[in-house]
Amino acid sequence: MSRKNYTLTSESVSEGHPDKVCDRISDAILDAFLQEEPDARVACETFATSGMVVIGGEVGLSDQERLKNYMGRIGQIARDCIKDIGYEQEKFHWNTCHVLNFLHEQSAHIAQGVDKDGAGDQGIMFGYATNETDALMPAPIQFSHAILRRLAEVRKDGTEPALRPDAKSQVSLRYEDGKPVEVTSIVLSTQHESEDQTSDDIRAIVEPYIREILPSGLITDATEWWVNPTGTFVIGGPDGDAGLTGRKIIVDTYGGAAPHGGGAFSGKDPTKVDRSAAYAARYLAKNVVAAGIAEKCTLQLSYAIGVAKPLSIFADTHGTSEVPPEAIEKAVAKCMDLSPRGIREHLQLNRPIYQRTAAYGHFGRKPEADGGFSWERTDLADTLAKEI
(Lines give C-alpha, C1' and ligand atoms only; values in the text may rest on other atoms or scores of the structure.)
Protein backbone atom coordinates (compact mmCIF):
# COMPACT_ATOMS: atom_id res chain seq x y z
CA MET A 1 0.00 0.00 0.00
CA SER A 2 1.39 3.41 -0.97
CA ARG A 3 1.82 6.20 1.59
CA LYS A 4 -1.16 8.46 2.22
CA ASN A 5 0.37 11.30 4.26
CA TYR A 6 3.54 13.01 3.03
CA THR A 7 5.03 16.14 1.45
CA LEU A 8 6.17 15.99 -2.19
CA THR A 9 8.24 18.62 -3.99
CA SER A 10 8.70 19.16 -7.73
CA GLU A 11 10.52 21.81 -9.74
CA SER A 12 10.23 23.29 -13.20
CA VAL A 13 12.47 25.55 -15.27
CA SER A 14 11.50 28.17 -17.83
CA GLU A 15 12.08 28.16 -21.57
CA GLY A 16 14.99 30.53 -20.92
CA HIS A 17 16.84 28.14 -18.63
CA PRO A 18 20.15 27.20 -20.34
CA ASP A 19 19.23 23.51 -20.62
CA LYS A 20 15.80 24.37 -22.00
CA VAL A 21 17.31 26.69 -24.60
CA CYS A 22 19.24 23.64 -25.80
CA ASP A 23 16.17 21.37 -25.71
CA ARG A 24 14.27 23.96 -27.75
CA ILE A 25 16.95 24.20 -30.44
CA SER A 26 17.28 20.41 -30.69
CA ASP A 27 13.52 19.96 -31.06
CA ALA A 28 13.25 22.82 -33.55
CA ILE A 29 15.85 21.09 -35.73
CA LEU A 30 13.90 17.83 -35.38
CA ASP A 31 10.69 19.57 -36.47
CA ALA A 32 12.43 21.12 -39.47
CA PHE A 33 13.63 17.70 -40.66
CA LEU A 34 10.22 16.08 -40.08
CA GLN A 35 8.61 18.92 -42.02
CA GLU A 36 10.92 18.08 -44.88
CA GLU A 37 10.39 14.32 -44.62
CA PRO A 38 8.17 12.44 -42.11
CA ASP A 39 10.64 9.55 -41.91
CA ALA A 40 13.66 11.77 -41.27
CA ARG A 41 16.12 10.51 -38.68
CA VAL A 42 17.35 12.96 -36.05
CA ALA A 43 19.39 12.59 -32.87
CA CYS A 44 20.40 16.18 -32.19
CA GLU A 45 22.31 17.51 -29.19
CA THR A 46 22.88 21.17 -28.38
CA PHE A 47 25.36 22.87 -26.05
CA ALA A 48 25.10 26.56 -25.18
CA THR A 49 27.42 28.88 -23.28
CA SER A 50 28.31 32.56 -23.27
CA GLY A 51 28.10 33.80 -26.87
CA MET A 52 28.08 30.34 -28.43
CA VAL A 53 25.83 27.45 -29.44
CA VAL A 54 27.28 24.10 -30.56
CA ILE A 55 25.07 21.54 -32.32
CA GLY A 56 26.01 17.92 -33.02
CA GLY A 57 24.55 14.49 -33.56
CA GLU A 58 23.11 12.38 -36.37
CA VAL A 59 20.53 13.18 -39.02
CA GLY A 60 19.25 11.43 -42.11
CA LEU A 61 17.06 12.09 -45.15
CA SER A 62 16.37 9.73 -48.03
CA ASP A 63 18.12 12.10 -50.47
CA GLN A 64 21.75 12.72 -49.47
CA GLU A 65 22.13 15.77 -51.69
CA ARG A 66 19.06 17.32 -50.12
CA LEU A 67 20.51 16.55 -46.70
CA LYS A 68 23.70 18.44 -47.51
CA ASN A 69 21.74 21.46 -48.71
CA TYR A 70 19.53 21.37 -45.62
CA MET A 71 22.48 21.74 -43.28
CA GLY A 72 22.72 25.41 -44.20
CA ARG A 73 19.46 26.12 -42.35
CA ILE A 74 20.65 24.92 -38.94
CA GLY A 75 22.19 28.20 -37.80
CA GLN A 76 19.07 30.22 -38.56
CA ILE A 77 16.86 27.68 -36.78
CA ALA A 78 18.95 28.10 -33.63
CA ARG A 79 18.88 31.90 -33.84
CA ASP A 80 15.10 31.93 -34.32
CA CYS A 81 14.67 29.87 -31.15
CA ILE A 82 16.91 32.16 -29.10
CA LYS A 83 15.07 35.22 -30.44
CA ASP A 84 11.64 33.82 -29.60
CA ILE A 85 12.77 32.90 -26.08
CA GLY A 86 13.85 36.51 -25.67
CA TYR A 87 17.62 36.61 -25.31
CA GLU A 88 19.17 39.92 -26.35
CA GLN A 89 21.86 40.13 -23.67
CA GLU A 90 25.30 41.49 -24.42
CA LYS A 91 26.92 38.06 -24.02
CA PHE A 92 24.04 35.95 -25.32
CA HIS A 93 22.14 37.58 -28.17
CA TRP A 94 20.26 35.78 -30.92
CA ASN A 95 21.86 37.92 -33.60
CA THR A 96 25.48 37.83 -32.45
CA CYS A 97 26.10 34.44 -30.84
CA HIS A 98 28.24 31.95 -32.76
CA VAL A 99 26.42 28.82 -33.97
CA LEU A 100 28.62 25.82 -34.81
CA ASN A 101 26.99 22.91 -36.64
CA PHE A 102 28.57 19.46 -36.37
CA LEU A 103 25.56 17.35 -37.40
CA HIS A 104 26.42 14.36 -39.59
CA GLU A 105 24.70 11.47 -41.33
CA GLN A 106 23.08 8.77 -39.16
CA SER A 107 25.20 5.70 -38.46
CA ALA A 108 24.38 2.84 -40.83
CA HIS A 109 24.72 0.41 -37.90
CA ILE A 110 21.92 2.19 -36.01
CA ALA A 111 19.81 2.62 -39.12
CA GLN A 112 19.84 -1.10 -39.97
CA GLY A 113 17.81 -2.00 -36.88
CA VAL A 114 15.34 0.85 -37.24
CA ASP A 115 14.83 0.19 -40.95
CA LYS A 116 13.52 -3.25 -39.98
CA ASP A 117 10.89 -1.60 -37.72
CA GLY A 118 12.88 -2.39 -34.60
CA ALA A 119 13.58 -0.08 -31.68
CA GLY A 120 16.31 2.51 -32.18
CA ASP A 121 17.95 1.53 -28.91
CA GLN A 122 17.53 -0.66 -25.85
CA GLY A 123 16.02 0.84 -22.75
CA ILE A 124 13.22 1.08 -20.21
CA MET A 125 10.48 3.73 -20.34
CA PHE A 126 7.90 4.71 -17.75
CA GLY A 127 4.48 6.30 -17.96
CA TYR A 128 2.45 7.58 -15.03
CA ALA A 129 -0.95 9.08 -14.28
CA THR A 130 -2.85 10.07 -11.15
CA ASN A 131 -6.31 11.51 -10.63
CA GLU A 132 -5.16 14.26 -8.25
CA THR A 133 -5.40 16.89 -11.03
CA ASP A 134 -7.67 17.32 -14.05
CA ALA A 135 -4.69 16.65 -16.33
CA LEU A 136 -4.11 13.35 -14.47
CA MET A 137 -0.66 14.58 -13.45
CA PRO A 138 1.05 14.92 -10.07
CA ALA A 139 0.03 18.30 -8.66
CA PRO A 140 3.50 19.65 -7.68
CA ILE A 141 4.99 19.40 -11.17
CA GLN A 142 1.78 20.56 -12.85
CA PHE A 143 1.64 23.71 -10.70
CA SER A 144 5.39 24.37 -11.07
CA HIS A 145 5.03 24.30 -14.87
CA ALA A 146 1.91 26.47 -14.85
CA ILE A 147 3.57 29.19 -12.76
CA LEU A 148 6.49 29.56 -15.16
CA ARG A 149 4.28 29.37 -18.25
CA ARG A 150 2.17 32.23 -16.87
CA LEU A 151 5.23 34.34 -16.07
CA ALA A 152 6.54 33.76 -19.60
CA GLU A 153 3.21 34.99 -21.00
CA VAL A 154 3.28 38.28 -19.08
CA ARG A 155 6.96 38.76 -19.86
CA LYS A 156 6.46 38.32 -23.57
CA ASP A 157 3.28 40.39 -23.91
CA GLY A 158 4.93 43.34 -22.15
CA THR A 159 2.80 43.27 -18.99
CA GLU A 160 5.87 42.62 -16.82
CA PRO A 161 8.89 44.15 -18.63
CA ALA A 162 11.18 43.67 -15.62
CA LEU A 163 11.17 39.88 -16.02
CA ARG A 164 13.80 38.11 -18.11
CA PRO A 165 13.80 34.63 -19.72
CA ASP A 166 15.68 32.49 -17.19
CA ALA A 167 13.61 31.20 -14.25
CA LYS A 168 12.99 28.23 -11.93
CA SER A 169 10.03 27.30 -9.76
CA GLN A 170 9.51 24.73 -7.02
CA VAL A 171 6.33 23.73 -5.20
CA SER A 172 6.08 21.57 -2.07
CA LEU A 173 2.66 20.05 -1.42
CA ARG A 174 1.45 18.32 1.73
CA TYR A 175 -0.79 15.33 1.14
CA GLU A 176 -3.41 13.87 3.46
CA ASP A 177 -5.03 10.55 2.60
CA GLY A 178 -3.24 10.71 -0.75
CA LYS A 179 -4.70 14.09 -1.79
CA PRO A 180 -2.91 17.50 -1.89
CA VAL A 181 -4.23 19.79 0.87
CA GLU A 182 -1.62 22.51 1.43
CA VAL A 183 1.33 24.21 -0.25
CA THR A 184 4.05 24.18 2.39
CA SER A 185 6.58 26.17 0.36
CA ILE A 186 6.98 28.03 -2.91
CA VAL A 187 10.37 28.76 -4.46
CA LEU A 188 10.64 31.11 -7.44
CA SER A 189 13.89 32.43 -8.87
CA THR A 190 13.62 34.62 -11.93
CA GLN A 191 16.09 36.64 -13.91
CA HIS A 192 15.21 40.34 -13.79
CA GLU A 193 16.09 43.63 -15.39
CA SER A 194 18.04 45.65 -12.83
CA GLU A 195 20.47 45.11 -9.97
CA ASP A 196 18.50 47.75 -8.07
CA GLN A 197 15.53 45.36 -7.78
CA THR A 198 15.34 43.48 -4.48
CA SER A 199 13.84 40.09 -3.72
CA ASP A 200 10.82 41.91 -2.27
CA ASP A 201 10.42 43.85 -5.53
CA ILE A 202 10.41 40.63 -7.54
CA ARG A 203 7.98 38.95 -5.15
CA ALA A 204 5.58 41.88 -5.60
CA ILE A 205 5.68 41.19 -9.35
CA VAL A 206 5.32 37.41 -9.34
CA GLU A 207 3.11 36.69 -6.31
CA PRO A 208 -0.21 37.68 -7.93
CA TYR A 209 0.45 35.31 -10.84
CA ILE A 210 1.42 32.46 -8.53
CA ARG A 211 -1.78 32.93 -6.52
CA GLU A 212 -3.72 33.02 -9.79
CA ILE A 213 -2.32 29.60 -10.75
CA LEU A 214 -2.62 27.68 -7.48
CA PRO A 215 -6.12 26.42 -6.56
CA SER A 216 -7.94 28.30 -3.83
CA GLY A 217 -7.13 27.17 -0.32
CA LEU A 218 -3.78 25.51 -1.03
CA ILE A 219 -1.76 28.59 -0.07
CA THR A 220 -2.11 29.21 3.68
CA ASP A 221 -0.65 31.62 6.24
CA ALA A 222 1.94 28.93 6.99
CA THR A 223 3.16 28.67 3.37
CA GLU A 224 6.82 29.65 3.10
CA TRP A 225 7.77 31.96 0.22
CA TRP A 226 11.30 32.03 -1.21
CA VAL A 227 11.49 34.47 -4.13
CA ASN A 228 14.97 35.10 -5.53
CA PRO A 229 16.39 33.96 -2.18
CA THR A 230 20.01 34.73 -3.14
CA GLY A 231 19.14 38.30 -4.14
CA THR A 232 20.23 39.68 -7.52
CA PHE A 233 19.62 37.53 -10.61
CA VAL A 234 20.42 39.72 -13.61
CA ILE A 235 22.95 37.53 -15.44
CA GLY A 236 21.04 34.50 -16.69
CA GLY A 237 20.70 31.96 -19.48
CA PRO A 238 23.74 30.39 -21.13
CA ASP A 239 25.76 33.49 -20.20
CA GLY A 240 25.34 32.61 -16.53
CA ASP A 241 25.46 28.81 -16.75
CA ALA A 242 26.13 26.44 -19.64
CA GLY A 243 23.21 24.48 -21.06
CA LEU A 244 22.91 21.03 -22.60
CA THR A 245 20.13 19.04 -24.25
CA GLY A 246 18.52 16.38 -22.08
CA ARG A 247 19.57 17.51 -18.60
CA LYS A 248 16.05 18.18 -17.30
CA ILE A 249 14.38 14.78 -17.70
CA ILE A 250 12.58 14.87 -14.35
CA VAL A 251 11.23 18.33 -15.15
CA ASP A 252 10.12 16.94 -18.51
CA THR A 253 8.17 14.07 -16.96
CA TYR A 254 6.60 13.70 -13.50
CA GLY A 255 8.71 15.83 -11.18
CA GLY A 256 10.01 12.86 -9.24
CA ALA A 257 6.58 11.46 -8.42
CA ALA A 258 7.21 8.47 -10.69
CA PRO A 259 10.23 6.52 -12.02
CA HIS A 260 12.19 7.59 -15.09
CA GLY A 261 14.04 5.21 -17.38
CA GLY A 262 16.90 7.65 -17.89
CA GLY A 263 16.54 8.55 -21.56
CA ALA A 264 16.00 12.17 -22.58
CA PHE A 265 13.40 13.20 -25.17
CA SER A 266 14.42 16.40 -26.96
CA GLY A 267 16.16 16.19 -30.30
CA LYS A 268 15.18 12.56 -30.90
CA ASP A 269 12.90 11.45 -33.73
CA PRO A 270 10.09 9.02 -32.83
CA THR A 271 11.99 5.91 -33.95
CA LYS A 272 13.89 6.41 -30.69
CA VAL A 273 11.88 4.59 -28.04
CA ASP A 274 13.40 6.83 -25.37
CA ARG A 275 10.83 9.29 -26.62
CA SER A 276 8.03 7.43 -28.40
CA ALA A 277 7.67 4.57 -25.89
CA ALA A 278 7.70 7.03 -22.97
CA TYR A 279 4.85 8.86 -24.72
CA ALA A 280 3.04 5.55 -25.25
CA ALA A 281 3.49 4.57 -21.60
CA ARG A 282 2.04 7.91 -20.46
CA TYR A 283 -0.85 7.51 -22.92
CA LEU A 284 -1.71 4.05 -21.62
CA ALA A 285 -1.31 4.95 -17.93
CA LYS A 286 -3.48 8.04 -18.44
CA ASN A 287 -6.20 6.01 -20.15
CA VAL A 288 -6.15 3.44 -17.34
CA VAL A 289 -6.83 6.22 -14.83
CA ALA A 290 -9.31 8.01 -17.11
CA ALA A 291 -11.27 4.75 -17.41
CA GLY A 292 -11.61 4.58 -13.62
CA ILE A 293 -9.63 1.34 -13.47
CA ALA A 294 -7.21 2.88 -10.96
CA GLU A 295 -6.55 6.18 -9.18
CA LYS A 296 -2.84 5.92 -9.99
CA CYS A 297 -0.98 3.89 -12.57
CA THR A 298 2.69 3.38 -13.38
CA LEU A 299 3.49 1.53 -16.59
CA GLN A 300 6.93 0.31 -17.68
CA LEU A 301 7.92 -0.82 -21.18
CA SER A 302 11.29 -2.28 -22.19
CA TYR A 303 12.93 -2.70 -25.61
CA ALA A 304 16.04 -4.03 -27.36
CA ILE A 305 17.69 -2.32 -30.31
CA GLY A 306 16.44 -3.70 -33.61
CA VAL A 307 13.62 -5.68 -31.93
CA ALA A 308 10.05 -4.60 -32.60
CA LYS A 309 8.16 -6.31 -29.78
CA PRO A 310 8.51 -4.88 -26.26
CA LEU A 311 10.44 -7.27 -24.06
CA SER A 312 8.25 -6.63 -21.03
CA ILE A 313 5.20 -4.71 -19.82
CA PHE A 314 4.84 -3.92 -16.12
CA ALA A 315 1.89 -2.18 -14.42
CA ASP A 316 1.54 -0.93 -10.85
CA THR A 317 -1.63 0.73 -9.52
CA HIS A 318 -0.14 1.51 -6.10
CA GLY A 319 -2.95 -0.18 -4.24
CA THR A 320 -5.63 2.01 -5.86
CA SER A 321 -7.35 -0.63 -8.00
CA GLU A 322 -9.22 -3.89 -7.54
CA VAL A 323 -8.07 -4.99 -10.99
CA PRO A 324 -4.98 -7.24 -10.91
CA PRO A 325 -1.93 -5.60 -12.53
CA GLU A 326 -1.56 -8.65 -14.77
CA ALA A 327 -4.95 -7.91 -16.31
CA ILE A 328 -3.91 -4.33 -17.07
CA GLU A 329 -0.66 -5.54 -18.66
CA LYS A 330 -2.54 -7.93 -20.93
CA ALA A 331 -5.16 -5.31 -21.81
CA VAL A 332 -2.72 -2.58 -22.85
CA ALA A 333 -0.81 -5.06 -25.03
CA LYS A 334 -4.04 -6.06 -26.75
CA CYS A 335 -5.45 -2.56 -27.19
CA MET A 336 -2.33 -0.94 -28.70
CA ASP A 337 0.45 -2.15 -30.96
CA LEU A 338 3.51 -1.36 -28.85
CA SER A 339 6.09 -1.94 -31.54
CA PRO A 340 7.99 1.27 -32.41
CA ARG A 341 6.10 1.52 -35.71
CA GLY A 342 2.79 0.76 -34.00
CA ILE A 343 3.36 3.55 -31.48
CA ARG A 344 4.33 6.06 -34.16
CA GLU A 345 1.24 5.24 -36.20
CA HIS A 346 -1.22 5.12 -33.29
CA LEU A 347 -0.07 8.46 -31.88
CA GLN A 348 0.84 9.92 -35.31
CA LEU A 349 4.29 10.93 -34.16
CA ASN A 350 5.99 11.45 -37.54
CA ARG A 351 4.99 15.10 -37.61
CA PRO A 352 6.71 18.38 -36.67
CA ILE A 353 5.09 18.62 -33.23
CA TYR A 354 8.07 18.59 -30.89
CA GLN A 355 9.40 22.12 -30.48
CA ARG A 356 6.36 22.96 -28.33
CA THR A 357 7.25 20.13 -25.91
CA ALA A 358 10.68 21.52 -25.07
CA ALA A 359 9.53 23.62 -22.09
CA TYR A 360 6.85 23.27 -19.38
CA GLY A 361 6.60 19.50 -19.56
CA HIS A 362 5.90 16.82 -22.13
CA PHE A 363 2.92 15.57 -20.15
CA GLY A 364 -0.19 17.14 -18.66
CA ARG A 365 -0.77 19.29 -21.75
CA LYS A 366 -3.94 19.49 -23.85
CA PRO A 367 -4.05 17.52 -27.13
CA GLU A 368 -3.85 19.95 -30.05
CA ALA A 369 -5.73 20.05 -33.34
CA ASP A 370 -2.63 19.36 -35.46
CA GLY A 371 -1.71 16.27 -33.43
CA GLY A 372 0.52 17.87 -30.84
CA PHE A 373 0.45 16.06 -27.49
CA SER A 374 -1.54 13.21 -29.02
CA TRP A 375 -0.34 11.02 -26.14
CA GLU A 376 -2.53 13.10 -23.80
CA ARG A 377 -5.74 11.87 -25.41
CA THR A 378 -8.05 9.61 -23.38
CA ASP A 379 -9.68 7.99 -26.40
CA LEU A 380 -8.56 4.49 -25.36
CA ALA A 381 -10.25 4.56 -21.95
CA ASP A 382 -13.49 2.83 -23.00
CA THR A 383 -11.62 0.19 -24.98
CA LEU A 384 -9.37 -0.62 -22.01
CA ALA A 385 -12.30 -0.76 -19.61
CA LYS A 386 -14.17 -3.20 -21.84
CA GLU A 387 -11.10 -5.36 -22.36
CA ILE A 388 -10.45 -5.63 -18.62
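# A walk through the model

Start by selecting Glu387 and Lys334: their side chains meet in a salt bridge, with 3.4 Å from N to O. Because Glu387 belongs to helix H11 (residues 381-387) and Lys334 to helix H9 (residues 325-335), this pair ties together parts that are 53 residues apart in sequence. Switch on a surface and compare the two ends: Glu387 is partly exposed, at a relative accessible area of 33%, while Lys334 is exposed, at 61%. Keep in mind as you go that this is a predicted model.

## Along helix H1

Opposite charges are the theme of this stop, too. Side chains of opposite charge can pair when their charged atoms come close. Across the whole structure, a search finds 28 salt bridges, so there is plenty to click on.

Select Lys20 and Asp23 next. They form a salt bridge whose closest N and O atoms are 2.8 Å apart. Both residues sit in helix H1 (residues 18-36), 3 residues apart, which means that about one helical turn separates them. Are they buried or exposed? Both Asp23 and Lys20 are buried.

Now move to Arg24 and find its partner, Asp84. The closest N and O atoms of this salt bridge are 2.8 Å apart. Arg24 is in helix H1 and Asp84 is in helix H3 (residues 74-85), so here the link ties together parts that lie 60 residues apart in sequence. The two ends differ in their surroundings: Arg24 is buried, with a relative accessible area of 14%, whereas Asp84 is partly exposed, at 42%. Add Glu15 and Lys156 to your selection, and you have a network: salt bridges with shared partners join Glu15, Arg24, Asp84 and Lys156.

## The cysteines

Colour the cysteines and look for disulfides. How many are there? The count comes to 0. Cys81 shows why: its sulfur is 10 Å from the closest cysteine sulfur, in Cys44, and that is too far for a bond. Cys81 is buried, with a relative accessible area of 2%. Then select Cys335, which is in no disulfide either; the nearest cysteine sulfur, in Cys297, is 13 Å away. Cys335 is buried as well, at a relative accessible area of 16%.

## Helix H6 and its bend

Select residues 199-213 to bring up helix H6. This helix has 15 residues and reaches 21 Å from its first C-alpha to its last, close to the 21 Å expected at 1.5 Å a residue. Where does H6 kink? Look at Val206: a kink of about 40 degrees lies there, shortly before the proline Pro208.

Val206 is also one of the buried residues of H6, alongside Ile202, Ile205, Glu207, Tyr209 and Ile210. To see what covers them, show helix H5 (139-156) together with strands S8 (163-176), S9 (179-192) and S10 (219-227), which are among the covering elements.

## Last stop: Gly255

Finish in the loop between helix H7 (249-252) and helix H8 (273-290), where you will find Gly255. Gly255 is buried, with a relative accessible area of 8%. Measure across to Glu11 in your viewer: the two residues are 244 apart along the chain, yet their C-alpha atoms are separated by 6.4 Å. Leaving out residues up to four places away in sequence, Gly255 touches Thr9, Ser10, Ile141 and Ile250. Select these four with Gly255 to see the contacts together.

Technical notes: Residues are numbered from 1 along each chain as its sequence is written. This is a predicted model: local features need pLDDT of at least 70, side-chain atom pairs count only at pLDDT 80 or more; totals for chains, interfaces and linings use all residues. Side-chain values use heavy atoms; hydrogens and water are left out. Helices (H or I, at least four residues) and strands (E, at least two) are DSSP runs, numbered from the N terminus. The expected span of a helix is 1.5 Å times one less than its number of residues. The bend at a residue is the angle between axes fitted to the seven residues ending there and the seven starting there. Buried means under 20% relative accessible area, exposed over 50%, partly exposed in between (1.4 Å probe, protein chains only). Contact means heavy atoms within 4.5 Å. A salt bridge is a side-chain nitrogen of Lys or Arg within 4 Å of a carboxyl oxygen of Asp or Glu. A disulfide is a pair of cysteine sulfur atoms within 2.5 Å.
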